[in-house]
Amino acid sequence: MAYRVLIVDDSPAMRTFVRRVIDLSGFELSECFEASNGQEALEILNHEWVDAILTDINMPGMDGQEFLRRLSQDELLRSIPAIVISTDATSHRMASMASLGARGYVTKPFLPEALRAELERTLGVPCD
Amino acid sequence: MIDTVIRQALRDSVNEVLEKMFFVQTLGEFSDLEVAGHPPEAEMAARLDFQGEPAGSLRLRLTSVAAKQIAADFLGIDAADVSDLQVSEVIRELANMTCGSVLSRVESSTAFNLSAPQIVPPSEEDTGSLWNTRYAVELSNGRLTVNITTESPTCSQPAESAY
């Protein structure tokens, strides 16, 4: 099965990198959407369904924390697993994002396999 | 003064970030004397500030040829096709990841906040802080130098290195 993924990051370079890493990892991607902040992501989610969301925290406009808060308040969107990708590996930040509804957390730097593993874990993809 | 905790974290972070995110292996470390005596080359630099315990700033300088190649490796395209804007974006991201990685190692239980990285003149120097830690490495096509200045020394031990 191939999945639809939304990447939310204010850095175009980082969005390109994440998409590339997903491809390199062998994760099956059918479609990939990109947004530069939480607001843009919500607009995309108004008319596109995705299987998983990968989001940064620090973004201008609506940041990752507010984005997760909005997702959790939406009856439909709260079911989409959101994974945070951040440089912040502190336990404080991880707990904070989990409390807002994040179902996964990947700290930069990461290997392609780590991102794939987190995507598969949150999506409930059975191991090979 | 050099903060040995920061220095260890900086060394581990630079190597891990370059290897995992940029697929780059460093060729060796430069001493401060070697950095000072190196002939001038075109460089670019990025800087960001951080709030936390301790607060401070990170400044990263990279020779221009190496910056372009690193951007190409990160984006998965040929160096000849990388625009100046893309190089700037990638170097800001490199600074951001390096800083986050260092701070996560030295203060794993304390929240910290990073400012958005900015491209700055390579000649800009951080002054006024007692605690200034530098790590410089040779890459296959240039040199990367990272400086961290903090308002005070760190108190914790760095997290165990993966290397």
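1. Pairing of strands 3 and 4 in chain A. In this predicted model, strand 3 (residues 52-55) of chain A lies parallel to strand 4 of chain A, and 3 bridges connect the two. One residue pair can be named here: Leu54(A) has Ile83(A) as its bridge partner in strand 4 of chain A. Between these two strands the chain passes through helix 3 of chain A, and the resulting β-α-β crossover is right-handed.

2. Pairing of strands 4 and 5 in chain A. Strand 4 (residues 82-86) of chain A is also joined to strand 5 (residues 104-107) of chain A, by 4 bridges and again in a parallel arrangement. Within this pairing, Ile85(A) has Val106(A) as its bridge partner, and Ser86(A) stands opposite Thr107(A). The connection is made by helix 4 (residues 91-99) of chain A, which together with strand 4 and strand 5 of chain A forms a right-handed β-α-β unit.

3. Burial of strand 4 in chain A. How many residues of strand 4 of chain A are buried? The count is 5 of the 5 residues, so the strand is largely enclosed by the rest of the structure. Both of its faces are covered. Ala82(A), Val84(A) and Ser86(A) are buried on one side, and Ile83(A) and Ile85(A) are buried on the other. Ile83(A) is the residue that serves as bridge partner to Leu54(A), while Ile85(A) is paired with Val106(A).

4. The two sides of helix 2 in chain A. Helix 2 (residues 38-47) of chain A has Gly38(A), Ala41(A) and Leu45(A) as its buried residues. Viewed down the helix axis, these buried residues fall within an arc of 55°, so they line one face of helix 2 of chain A. In general, an α-helix has 3.6 residues a turn, so residues three or four places apart point the same way. The face of helix 2 of chain A that is turned away from the buried side carries exposed residues, namely Glu43(A), Asn46(A) and His47(A). The cover over the buried residues includes strand 1 (3-8), strand 2 (29-35) and helix 3 (64-72) of chain A. That same helix 3 of chain A is the one through which the chain crosses from strand 3 to strand 4.

5. Chain A as a whole. Chain A contains 5 helices and 5 strands, and from the N terminus on they run β-α-β-α-β-α-β-α-β-α. A compact globule of 128 residues would have a radius of gyration near 14 Å, and the 13 Å of chain A agrees with this. Along the principal axes, the C-alpha atoms of chain A fill a box of roughly 35 × 35 × 30 Å. Of the 128 residues in chain A, 40% are buried. Among contacts in chain A with a separation of 6 or more, 62% are between residues 24 or more positions apart.

6. Chain B as a whole. Chain B has 4 helices and 7 strands, and their pattern along the sequence is α-β-α-β-β-α-α-β-β-β-β. Buried residues account for 47% of the 163 residues in chain B. Of the contacts in chain B with a separation of 6 or more, 71% link residues 24 or more positions apart.

7. Ala45(B) in its surroundings. Ala45(B) belongs to strand 2 (residues 43-51) of chain B. Is Ala45(B) buried or exposed? Ala45(B) is buried, because 20 other C-beta atoms lie within 10 Å; the cut-off for burial is 20 or more. Apart from neighbours within four places in sequence, the contacts of Ala45(B) are Arg59(B), Leu60(B), Arg61(B), Val120(B), Pro121(B), Pro122(B) and Glu124(B). The C-alpha atom of Phe112(B), a residue 67 residues away along the chain, is separated from that of Ala45(B) by 23 Å.

8. The contact between the chains. How many residues does each chain bring to the contact? Chain B brings 23 residues and chain A brings 19 residues. On the side of chain B that touches chain A, helix 1 (4-22), helix 3 (64-75) and helix 4 (84-106) of chain B each supply at least two residues. Helix 4 of chain B gives the most to this side, with 9 residues. By residue type, the side of chain B that touches chain A comprises 9 nonpolar, 9 polar and 5 charged residues.

Methods: Residues numbered from 1 in each chain as written. Chains lettered and ligands numbered in written order. Predicted model: local features only at pLDDT ≥ 70, side-chain atom pairs only at ≥ 80, totals over all residues. Buried ≥ 20, exposed ≤ 12 C-beta atoms within 10 Å, placed from the backbone. Contact = placed C-beta atoms within 7 Å. Arc of directions from axis to C-beta. Nonpolar A, V, L, I, M, F, W, Y, C, P; charged D, E, K, R; others polar. Pairing = 2+ DSSP bridges. Right-handed = clockwise from strand over helix to strand, strands pointing away. Rg over C-alpha atoms; globule rule 2.2 N^0.38 Å.
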